[in-house]
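The following note sets out comments on the structure for a colleague's consideration. The points are numbered and may be read separately.

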Amino acid sequence: MSPLVVLQALRESNIFPHFQQDPNAEPQIPRQCFQRRYPETDFYEEKNRDKVRNHTYKSAIEYHADNIRNKVVLDLGCGTGILSILCAKAGARKVYAVDAGTDIAGQVANIVHANNRSHVIIVVRGRFEDVEINEDVDVIVSEWMGQMLLGEDMLLRVITARDRWLKPGGVILPSSGTLFMAPFTNFERYCQKVEFWQDVADIDMSVMIPFTEQNAFNLPNVDRIKDKNLLADPQVVKHINCYSITIPELMSIEESFSMKTLKQGRVNGFAFWFNAEFTGLRQEEEQLSALDRTDSALVLCTGPSVPPTHWEQTLIYFPTAVQLERGRPFTGSVTLTQPTKNKWLMEIKLTYRSNNGDLVCKKQTDLFSPF
């Protein structure tokens, strides 16, 4: 195999069976990363069914009630309006609920009316770029986090809204986010996808194995793994302070990694997940101190060691597994680049060392809304 392996993927079909607890159960399909895969109602249903997400936002808004009471709030990408209503219940004087979805915006108005908050919440329907708000706001609240933290392009809109409307000293919730990565092993998944071809209805289809190995694991996908699948402690890829991050900083993110494997195993790729912190603090040092408080109501965690969320983890599979011994360093770099000509795409480049020298795994995938 050539040391340079380039894998490009744009909105293909779902391809991975879900990791099963019951070996006799029918395999489920994990989600392809960032794919337009939903009817709009299913998309919002999945978000609103996420109890961890709902509880964390509710707790954080209640915690910051003193910053919200009698203030003006902007809910950017309001969806079904749940954050707008929570802010209204926390005492906001006015809430601008902004969403570009023409269908959902009409439903938000109905939800607001049903909850007797029409005198507080103003539903603004339209693309963010076209929206006009004729006053500055005290608080920006948004669920801007997508897959691998940066998916769906919402953070760029939060930055623009911050620079356009947020008052000096205003609050952003969540105030920061941190993207993590760690090598993982998932031999069960490999067997499900590859060994399956040994015998299909008593027919030898093993000639499909090389083809499957080349094509089955070429897309980032959203799935759930466990702590036992991780072969090293996680490393921070990027910490984002919503008060100071700039759009150019997000166009290309590069981070070197050096991890000592905790146990022997075959590295199938890297898992990515994130924390979102609701401290409201501006100081980078104080925000970073919140990262260890994974049980705090001010931190939304999406890693494999905590209760699951609809974000799950994003898995980037290598073209071939890398065998590592316990205690050996695993080094390389990760680069996340958003092409300037198409802001909906992100290129994910992993360079890592193996017995064959430096290898490169490159993937490109859609960052747009999943429906």
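1. Helix capping. In this predicted model, D50 caps the N-terminal end of α2, with one of its side-chain oxygens 3.2 Å from the backbone nitrogen of V52.

2. Helix α2. Does the length of this helix agree with expectation, or disagree? Helix α2 comprises the 13 residues 51-63, and at 1.5 Å a residue it should span 18 Å; the C-alpha atoms at its ends are 18 Å apart, so the two values agree. The expected span is taken as 1.5 Å times one less than the number of residues. Buried positions in α2 are R53, N54, T56, Y57, S59, A60 and I61. As a general point, an α-helix has 3.6 residues a turn, so residues three or four places apart point the same way.

3. The surroundings of T80. This residue belongs to the loop that runs between β3 (72-76) and α4 (82-89). Is T80 buried or exposed? T80 has a relative accessible area of 15%, and because buried means under 20%, T80 counts as buried. Its side chain makes a polar contact of 3.3 Å with the side chain of N48. With neighbours within four places in sequence set aside, the residues in contact with T80 are Y44, N48, I104, V108 and I111. N48 therefore appears both as the polar partner and in the list of contacts.

4. Overall composition. The chain has 10 helices and 17 strands. Of its 371 residues, 55% are buried. Among contacts with a separation of 6 or more, 74% are between residues 24 or more positions apart. The exposed area of the chain is about 17000 Å², of which carbon and sulfur atoms supply 50%.

5. Nonpolar cores. In soluble globular proteins, nonpolar side chains tend to be buried together. The largest nonpolar core here has 86 residues, and F272 and L350 are the members that touch the most others. Helix α6 (residues 154-165) gives the most to this core, contributing 7 residues. A second core, separate from it, holds 15 residues, including V200, I209, W273 and Y317. Beyond residues up to four places away in sequence, F272 touches M148, L179, F180, M181, V237, Q313, T314, I316, V334 and L350.

6. Aromatic pairs. Across the whole structure, a search finds 12 aromatic pairs. One of them joins F184 and Y317, whose ring centres are 5.2 Å apart and whose planes meet at 85 degrees, an edge-to-face arrangement. Which parts of the chain does this pair tie together? F184 lies in strand β8 (residues 176-184) and Y317 in strand β14 (residues 313-324), so the pair links parts that are 133 residues apart in sequence. Both F184 and Y317 are buried. One aromatic cluster is formed by F257, F270, F318, F330 and Y352.

7. The position of V236. Strand β10 (residues 235-241) contains V236. Its relative accessibility is 34%, so V236 counts as partly exposed. Not counting residues up to four places away in sequence, V236 touches T178, L179, F180 and E255. The C-alpha atoms of V236 and F274 are separated by 9.2 Å, and these residues are 38 apart along the chain.

Technical notes:
Residues are numbered from 1 along each chain as its sequence is written. This is a predicted model: local features need pLDDT of at least 70, side-chain atom pairs count only at pLDDT 80 or more; totals for chains, interfaces and linings use all residues. Side-chain values use heavy atoms; hydrogens and water are left out. Rings of Phe, Tyr and Trp (its six-membered ring) pair if their centres lie within 6.5 Å; planes under 30 degrees apart count as stacked, over 60 as edge-to-face and the rest as tilted. Helices (H or I, at least four residues) and strands (E, at least two) are DSSP runs, numbered from the N terminus. Buried means under 20% relative accessible area, exposed over 50%, partly exposed in between (1.4 Å probe, protein chains only). Contact means heavy atoms within 4.5 Å. Accessible areas come from the Shrake-Rupley method with a 1.4 Å probe; for residues, only the protein chains shown count as cover. A polar contact is a pair of N or O atoms within 3.5 Å; within protein, one must be able to donate a hydrogen and the other to accept it, and residues adjacent in sequence count only if both atoms are side-chain atoms. A nonpolar core is a set of buried Ala, Val, Leu, Ile, Met, Phe, Trp, Tyr and Cys residues joined through side-chain atoms within 4.5 Å.
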